[in-house]
Amino acid sequence: MKKIILIIILVIAAILRLYEISSFPAGLNADEAALGYNAYSLFLTGRDEHGHILPVNLESFGDFKPAGYSYLLVPIVKVFGLTEFSVRLPSALFGVLAVFLVYLLVKKLITDNCALITATALTLSPWHLHFSRGAWEVNVSTTLLLLAVVFFLKWLKNKKVSLLLTVTVTLTLSMYFYQSTRVIAP
């Protein structure tokens with residue numbers, strides 16, 4: 001029964017994050033457009049909008065941001081084209097994954113029932129919906145941090161090197177998506 005409830009929660013999370021993501025919110029904001037255009041440019045030329053070859057950081061409106069989200073977008077833009085849908089899709093999918101990871105994390109630390117309640121709360125959280133429905137790098141970064149914590153807890157019980165390597169790779173990847181993760185992940 002708990003598996004069925006979890007599946008229902010994940011389906012609701014997916015619907016809330018994916019339904020009409022091209023239209024709501026209306027239009028791409030400047031950061032979303034920059035991420036999409038940089039992905040498109042990287043796909044076509046291997047350079048960002050300023051001509052830098054395979055950059056680690058993207059110059060954007062007078063500041064620099066990690067380039068991870070644009071690299072994540074490259075295959076999606078190739079398949080779906082440069083659209084609102086393609087630019088927002090990774091964030092929405094990572095938002096659904098975050099709901100599942102929160103469930104796993106709370107299940108490991110507390111109980112199944114608390115895990116279901118927490119997953120439901122994140123599914124319906126206005127904050128999380130906002131960051132899942134737009135191309136926000138912080139959403140991907142947060143989900144990668146959750147994934148690292150889940151694997152770290154597995155490593156604490158089973159000291160396999162592969163689990164610790166997964167934690168390390170996931171934490172490292174998270175730093176290529178959002179600036180503050182460069183402080184949190186290490």
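Q: Which residue's side chain meets that of R88 in a salt bridge in this predicted model,?
A: Side chains of opposite charge can pair when their charged atoms come close. In this predicted model, the distance from N to O in the salt bridge of R88 is 2.9 Å, which lies within the 4 Å that a salt bridge requires. The partner whose side chain meets that of R88 is E32.

Q: How many residues apart are R88 and E32, and which helices hold them?
A: This pair links distant parts of the chain, since R88 belongs to helix 4 (residues 84–109) while E32 belongs to helix 2. Both R88 and E32 are buried. Along the chain, the two residues are 56 residues apart.

Q: Is K65 buried or exposed, and what is its relative accessible area?
A: A residue counts as buried when its relative accessible area is under 20%. K65 falls under that limit and is therefore buried, whereas D31, its partner in a salt bridge of 3.2 Å from N to O, counts as partly exposed at 31%. The relative accessible area of K65 is 9%.

Q: Which residues are joined into one network by salt bridges that share partners?
A: The side chain of K65 meets that of D31 in a salt bridge, and the side chain of K65 also meets that of E137, with 3.7 Å from N to O. The pair of K65 and E137 links strand 2 with helix 7 (residues 137–157), 72 residues apart. Through these shared partners, one network joins D31, K65 and E137.

How values were computed: Residues are numbered from 1 along each chain as its sequence is written. This is a predicted model: local features need pLDDT of at least 70, side-chain atom pairs count only at pLDDT 80 or more; totals for chains, interfaces and linings use all residues. Side-chain values use heavy atoms; hydrogens and water are left out. Buried means under 20% relative accessible area, exposed over 50%, partly exposed in between (1.4 Å probe, protein chains only). Helices (H or I, at least four residues) and strands (E, at least two) are DSSP runs, numbered from the N terminus.
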